[in-house]
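Trainee: Could you take me through this structure feature by feature, giving the general idea where there is one and then the case at hand?

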Amino acid sequence: MKLRVDGARCQGHALCHAAAPQLFRLRDEDGHSSPALEDVPPELEALAARAARGCPEQAILLDED
Amino acid sequence: MLHGDRARLVRRFVERFDHHDPEFADEEIPFAVYAALRRERPVAWTDAHGGFWVVSRYADVARVARDDLTFSSARGITIPHPVPPVEGLPPDQQLRMIPIDVDPPQFFAYRKLVDPLFSPARLPHQEPDVREIVGRLIDAFIAKGRCDLHEDFAKPLPGILTVRILGLPEADWRRYAEPFHAAIHAKPEQAAAGARDFYLDNARAMLAVAAERRSEPRKDVLSALASATLEGRPLRDLEIFGIANLILVGGVETTTNAMGSAFVYLSRHPELRQRLIESPGLLPGAVEEFLRVFAPVQGLARTAMRDCEIAGQRIREGERVLMLWASANRDEAEFPAPDDVIVDRHPNRHLTFGVGNHRCLGSNLARLEFRIALEELLRRIPDFRVDEAGLRVQPDVGTTFGYGAIPVRFTPG
């Protein structure tokens with residue numbers, strides 16, 4: 001599974017990082033998010049899906065391999 | 001109030017919405033009105049305060065908030081506007097709040113400047129400050145076995161913290177916080193009468209501090225603003241004031257009211273309180289859920305820049321639109337069992353901090369304050385009970401819902 005964050009939609013709510021700190025990195029300047037891992041290992045797929053559902057901007061995209 | 005009277009009152013507000021009507025200032029009426037609006041009139045016109053549209057469903061509120069090109073913030077974001085723009089004066093000479101009253105593209109330049117001041121990277125440095133203030137406030141009342149959780153806790157915590165972050169003298173926090181509390185919960189006419197004066201008063205004080213910091217910078221927001229450049233030039237006085245004044249109102253008024261509502265809820269729901277005491281790991285989720293159910297800011301306004309539509313309703317250029325965050329947060333289409341507090345609710349995409357470009361700058365700091373406040377209150381005065389007879393809702397909850405008095409008793413410590 002591939003993880004992407006749409007930079008045009010992300011507004012820095014930082015909820016993805018709270019839900020899954022191992023999957024997201026927050027930029028120091030503004031707290032906007034980017035993937036910490038692009039390829040989500042199978043054991044973290046459910047967590048990635050949970051973080052994606054919780055994003056108020058719906059900026060997190062998951063693509064099945 | 002009798003059941004029939006309440007139903008008639010709700011009906012009256014559904015037909016003619018007026019969030020500043022004295023009878024709207026109630027624990028339950030606003031939420032009953034929002035529910036009926038979502039059901040029956042999701043985009044409702046009212047002739048109150050010069051006329052505006054009321055948008056109450058989650059999907060519509062989020063859509064309006066995300067479309068800054070169609071729905072402008074530059075003509076004021078509250079209804080009515082406490083400090084209306086002076087006719088004929090260009091925007092950069094107006095007494096505005098920056099960047100909440102500013103549209104893209106200029107918005108982005110300001111936002112880039114203020115984002116680093118409140119980024120999550122700062123939280124580890126802010127946490128000790130929050131803990132110190134929380135500890136000191138509880139120390140002051142814990143031996144008495146009674147206090148007012150609004151006056152003695154929910155108000156001073158954000159007040160002291162915000163003033164400290166800005167770099168203003170901490171002992172003066174009331175001088176900065178109280179006029180905002182008073183204005184936001186006053187009748188609109190009274191708020192408008194006082195606002196320009198205390199804005200100017202704040203401006204003088206903040207700019208004097210900024211001038212000192214220019215030569216002797218410290219690690220505070222006014223130092224950062226005093227030395228900041230925008231498009232290659234230093235910030236103008238009105239810009240420094242516009243940013244600092246927004247941080248002040250955003251910092252002091254919102255968090256106070258959200259925390260107060262949560263304290264009242266916990267007093268009324270001892271089983272939930274016990275669960276949070278036993279499992280503090282639930283607190284971050286509980287904070288999110290309290291933020292959803294007790295959104296302090298009920299809604300913010302936009303102005304249509306062209307003829308458009310919202311959910312099939314035609315909106316004309318120049319008309320104002322009130323986006324009801326507090327209603328969106330209780331929309332059954334987005335949140336199952338929307339009136340229930342479910343501390344592990346997921347997803348919980350509430351709109352308490354807004355959505356889109358104008359997302360609340362202080363959201364992460366507010367979450368931190370809220371969590372530590374709950375943690376420490378539940379640890380140090382776990383059996384606090386609200387004296388319901390002394391509990392008071394603010395006299396105006398149209399812009400910000402909250403309590404003006406939360407007397408409690410507890411086992412002295």
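Trainee: Let me begin with strand pairing: which residue in S10(B) is the bridge partner of B:Val55?

Mentor: In this predicted model, the bridge partner of B:Val55 in S10(B) is B:Met323. B:Val54, for its part, stands opposite B:Leu322 in S10(B), and these residues belong to strands S2 (residues 52-55) and S10 (residues 320-323) of chain B, which run parallel and are joined by 3 bridges.

Trainee: How many bridges join S7(B) to S10(B), and do the two run parallel or antiparallel?

Mentor: There are 4 bridges between S7(B) and S10(B), and the two strands run antiparallel. B:Ala301 stands opposite B:Leu322 in S10(B), and B:Leu322 is also the residue that B:Val54 stands opposite.

Trainee: In what order do the strands form the open sheet in chain B?

Mentor: The order is S1-S2-S10-S7-S3, five strands in an open sheet of mixed pairing. Its edge strands are S1 (43-46) and S3 (71-72) of chain B, each of which pairs on one side only. Helix H3 (residues 58-66) of chain B lies across S1, S2, S3, S7 (300-304) and S10, running at about 125° to S10(B).

Trainee: Where does B:Ile100 lie, and which residues does B:Ile100 touch?

Mentor: B:Ile100 lies in the loop between S3 and helix H4 (106-114) of chain B. Leaving aside residues up to four places away in sequence, B:Ile100 touches B:Ser73, B:Ile77, B:Leu246, B:Leu300 and B:His358. As for B:Val321, its C-alpha atom is separated by 16 Å from that of B:Ile100, with the two positions 221 residues apart along the chain.

Trainee: How should I read confidence before I rely on such details?

Mentor: The general caution is that predicted coordinates should not be read in detail where pLDDT is low. Here the mean pLDDT of chain B is 96, with 100% of its residues reaching 70 or more, and for the complex the predictor gives an ipTM of 0.96 and a pTM of 0.97.

Trainee: Turning to empty space, what volume does the largest pocket have, and which residues are closest to its centre?

Mentor: The general idea is that rolling a probe the size of a water molecule over the atoms shows where empty space is left. In this case the largest pocket has a volume of about 920 Å³, and of its 33 lining residues the closest to the centre are A:Leu15, A:Ala18, A:Ala19, B:Pro284 and B:Glu288. The elements giving two or more residues to this lining are H1 (15-19) and H2 (45-54) of chain A, together with H5 (123-141), H13 (283-293) and H15 (363-380) of chain B. H1(A) gives the most, with 5 residues, and by class the lining has 17 nonpolar, 8 polar and 8 charged residues.

Trainee: What lines the second largest pocket?

Mentor: The second largest pocket, which holds about 410 Å³ of space, is lined by 19 residues, and B:Glu27, B:Glu28, B:Phe31, B:Phe294 and B:Arg330 lie nearest its centre. H2 (29-40) and H11 (237-268) of chain B each supply at least two lining residues, and the classes are 10 nonpolar, 2 polar and 7 charged.

Trainee: How many cavities of 30 Å³ or more does a search of the whole structure find?

Mentor: The search finds 4 of them. The second largest cavity contains about 100 Å³ of space, and the closest to its centre among its 17 lining residues are A:Cys10, A:His13, A:Ala14, A:Cys16 and A:Cys55.

Definitions and conventions:
Residues are numbered from 1 along each chain as its sequence is written. Chains are lettered from A and ligands numbered from 1 in the order in which they are written. This is a predicted model: local features need pLDDT of at least 70, side-chain atom pairs count only at pLDDT 80 or more; totals for chains, interfaces and linings use all residues. Side-chain values use heavy atoms; hydrogens and water are left out. Two strands pair if DSSP finds at least two bridges between them. Contact means heavy atoms within 4.5 Å. Axes are lines fitted to C-alpha atoms, for helices over the stretch in contact, and angles run from 0 to 180 degrees between N-to-C directions. pLDDT is the predictor's confidence in each residue, from 0 to 100. On a 1 Å grid over the protein atoms alone, a cavity is a set of points where a 1.4 Å probe fits but cannot get out, and a pocket is an open set with protein on both sides within 12 Å along at least five of seven lines; lining residues have an atom within 4 Å of a point. Grid points are joined across faces, edges and corners, and a volume is the space filled by probe spheres set on the points. Ala, Val, Leu, Ile, Met, Phe, Trp, Tyr, Cys and Pro count as nonpolar, Asp, Glu, Lys and Arg as charged, and the others, Gly among them, as polar.
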